[in-house]
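User: Please take a close look at a single chain of this model, covering its fold and its contacts. Please also give the cut-offs behind each term you use.

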Amino acid sequence: MAEATAAPIGRYRGVHAAALASLPRATPRRLERLLGRRDPAKVWEKVERGEMAKWVAADDLHDVWRDHARGTDLEALRSRLESLDAWVTTPASAQHPFTITYDIDPAPVLFRRGRMPDPTAPAVAIVGTRRCTPTGRSVAMELGSGLAAAGITVVSGLALGIDGAAHRGALAADGAPVVGVVGSGLDVPYPRGNLDLWDAVADTGTLLGEAPLGAEPEGWRFPARNRLLAALADVVVVVESKRAGGSMHTVEEAIRREVTVMAVPGSVRNPAAAGTNLLLSEGCAPACSTDDVLVALGLATAGAARGAVARDRRIDLDSLDSLQQRLLELLDDGPVSLDVLVLRAAAPVPDVLVAADGLEHLGLLARDGSRVMRA
Amino acid sequence: MLATVRSATLVGVWGQPVSVEVHVADGLPGFSIVGLPDASCREARDRVRAAIVSSKLKWPQKRITVNLAPSDVPKSGAGLDLAIAVGILVAGEQLKAESIADTGVLGQLGLDGSVRPVPGALPLVDAMDHSSVIVAARDSTVAELVARDRVRPVGTLRQLFDALADAAPWPEPPAARQAAPPESEPDLADIAGQPLARWALEVAAAGGHHLLLVGPPGAGKTMLARRLVGVLPDLSPEESLEVTRVHSAAGLALPDGLVTRPPFRAPHHSSSMAAIVGGGTARARPGEVSAATGGVLFLDELGEFAPSVLDALRQPLEEGMIRVARSQGMVEHPARFLLVAAMNPCPCGAGGTVGCRCAPGALARYQRRLSGPFVDRLDLVVRVDRPDPADLLDTAPSTPSAEVAERVAQVRRRAQERGVNCNSELTGADLDLHGPLGRAATEVLRAALAEGRLSARGLRRVRTVARTIRDLDDGGDELRSADVLAALSLRMRLDGAGGLVHG
């Protein structure tokens, strides 16, 4: 018999789970009903034979899935997983993060590159808008590196803007491994500009995604990704967000799961901070530094956090020259363009440039696009 | 019977002597031109015939062959019309061969026998060292710049015939037209505020450093750039001749006499590669980069130029000339210009400030249009913002161009004492001699290199800018840390998000 001579394909890398996730119209809910805690290999056999329980999906889908399953080349799928060095887990596997398994809206199949996330380490999701200000980006990097250095798993979405900055900060700290949760297939890096970040995260940490291989970054996949972010985190920190947007959706998912939400305060004139300021007015705790987040996690005391902030900001103002002191006084009125600074200081342009450069080196002055401000 | 008439044709921006050989022989009446004429040159057949007939002269009903020697140089344009007509008259034995001995002939013909000016009259006349040169009356002022008393202006073919046949005296040269008052250049005093951009402009003019202004629409980038020419010194006599030669070859309107002020060229961003670098099939016409030689090339909306066009600017930016290769040969055009570019920080224009509506990808794509090697050649990159009227009310009136021009001229004089035209041309060895780094300045540069803020190429360029900054200040020998820091502050880079960062 021809079937008997073909060696049965192994369960290596969870190839059956990957195949199930690739079925047409396999929504997380249908997959959840189909899989439960069952062995994906056995479920796959049933799908191939068209012997699923009636309640899994409508009748027409049974036939579609059966035909699709018979046309699937598991061997090819396995070699693709191998070339990506990706693993696929289901709740039946010990490697499936249990915060996902027991989530109110669980992901039945997860694709993973890199190590298994440490289930005991506290995790903080840093999220925010893709169109952030340079300030937002640097705050996200600072939080990412500070938290990673403190041994916290930094979770984010690998998008442009805040997400990417948080990852880059955490990777630069060389601390706890990071987790990136993506919306497209693991073999479809998106956005293309963050390709290096995908590989860096997969090399030292974990890259997670729910979408089957080859899945394009379609819009509907991102809200689903956001719920995974909320499910994996103990605290969600929003760095910059508009009033409506993906980050606010992550916040809703976090609230559904009773995960603490913190927001970084921003200027009232900054539209990219409208969402975070709204969260603060609704009672979210402000996250002004890494220590604020550590306090929220119960890992540091409020007093220690305040002390650390005070230490950071103490700089000997007497060591500055008179023009630098004058510039700092002028900047107390708020951010201005360099042109206005020159006009107000009534000093020659090169002198102001040199003084501003010195202040920037001391960390007393920051640039935000066209303007300079006190750091 | 055979006749030879001397003329010239343009190769690039230089004149190349041409012998027009006309052979009139018995046989079937006909007229052919050989010796690589282009289309407009070949059409001379019809113009010359009509002009001779209109001038009440005899058209020989014989076999006429015209050879343009040297035969391997492509000839273009209608500038050889007059020489061909004279050749036919001599070969047809209506004029004596001696009458055109040691005489250059240059001019287009109208069907009525009038003689018209030719583009490139200056380099063409320059190429003819004969004891007299016949040109169109309207070319006489230009021709006299290089040929003084040898120029014989004529208005019509008949006038020329009569003069050569000794039937009439040579026509009087047209009375020198009243020199038009020099066009007033816009003044820097018109611009209030913008201290940073004004200072960058002054550094650019003084040291010949290329400048990029980045800012939202309405910030005054174009206004500023147009005022750069006003602070540049007059062209030196050699530069003057070169610029006039290029403008003449490019067919640009010339003032009466030499071009003495630095030209300002502002090609539109839809300009083609050939329009910018020069080109054309037979004769490589000088492009905008050559027309701007000695002056300012202003590229407004830099981000909208085709990336290939911008990358083609790298050679002129580096070497001060451009080599245009065509299937029929290669020409070198001068292209020594000061590049001033302006661009919005992002497609919507608000980049880096509140209210930018660009998608992050679109923004990065917009800035990526400028290649790294191109941006690396821009020494001064500064941000220009819309001034806040409240800040302008109680400031002192702006410095007028004349005052800035004086400082610029002084820095340029110092550069010439160092043996270069302007500081941006100083080599590493020159800088060691004329701009040694102080101990603190060395430390600043070492730190910038270690931080990756500066490349090796950038290092020399920062030192030349620092040299200019010191020259603008007090002209001391050593470069101080403040000069180097100020130079570094002017060398910002686009950060991909609508802002500028050190780099």
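Analyst: **Chain A: sheets, helices and contacts**

In chain A, residues 24 or more positions apart account for 69% of the contacts with a separation of 6 or more, a contact being two residues whose C-beta atoms, placed from the backbone, lie within 7 Å. The model is predicted, so local features are taken only at pLDDT of at least 70 and side-chain atom pairs only at pLDDT 80 or more, while totals for chains, interfaces and linings use all residues. Residues are numbered from 1 along each chain as its sequence is written, and chains are lettered from A and ligands numbered from 1 in the order in which they are written. The model has an ipTM of 0.75 and a pTM of 0.68.

Chain A holds 18 helices and 12 strands, where helices (H or I, at least four residues) and strands (E, at least two) are DSSP runs numbered from the N terminus. Of the 375 residues in chain A, 48% are buried, that is, they have 20 or more other C-beta atoms within 10 Å of their own, against 12 or fewer for exposed residues and a partly exposed class in between, with C-beta atoms placed from the backbone.

Nine strands of chain A form an open sheet in the order S1-S2-S6-S5-S4-S3-S7-S8-S9, with mixed pairing; two strands pair if DSSP finds at least two bridges between them. Its edges are strand S1 (86-89) and strand S9 (285-286) of chain A, each of which pairs on one side only. Within this sheet, strand S4 (residues 153-156) of chain A runs parallel to strand S5 (residues 179-182) of chain A over two bridges, and A:Ser156 stands opposite A:Gly180 in S5(A).

An open sheet of three strands in chain A has the order S10-S12-S11 and antiparallel pairing. Strand S10 (336-337) and strand S11 (365-368) of chain A lie at its edges with a single partner strand each, so one side of each has no neighbour in the sheet. The pairing of S10(A) with strand S12 (residues 371-374) of chain A is antiparallel over two bridges, with A:Ser337 opposite A:Arg371 in S12(A).

Turning to helix packing, the axes of helix H16 (residues 322-331) of chain A and H18(A) come within 9 Å and cross at roughly 75 degrees, the axes being lines fitted to C-alpha atoms over the stretch in contact and the angles running from 0 to 180 degrees between N-to-C directions. H16(A) is therefore roughly perpendicular to H18(A), a class that covers 65 to 115 degrees, whereas under 35 counts as roughly parallel, over 145 as roughly antiparallel and the rest as oblique. H16(A) contributes A:Leu323, A:Gln324, A:Leu327 and A:Leu328 to the contact, and H18(A) contributes A:Asp351, A:Ala355, A:Ala356, A:Gly358 and A:Leu359. These residues divide into six nonpolar, two polar and one charged, with Ala, Val, Leu, Ile, Met, Phe, Trp, Tyr, Cys and Pro counted as nonpolar, Asp, Glu, Lys and Arg as charged, and the others, Gly among them, as polar.

Finally, 23 residues of chain A are in contact with 25 residues of chain B. On chain A, the elements giving two or more residues to this side are helix H17 (338-345) and helix H18 (349-361). By class, the side of chain A that touches chain B has 12 nonpolar, six polar and five charged residues.
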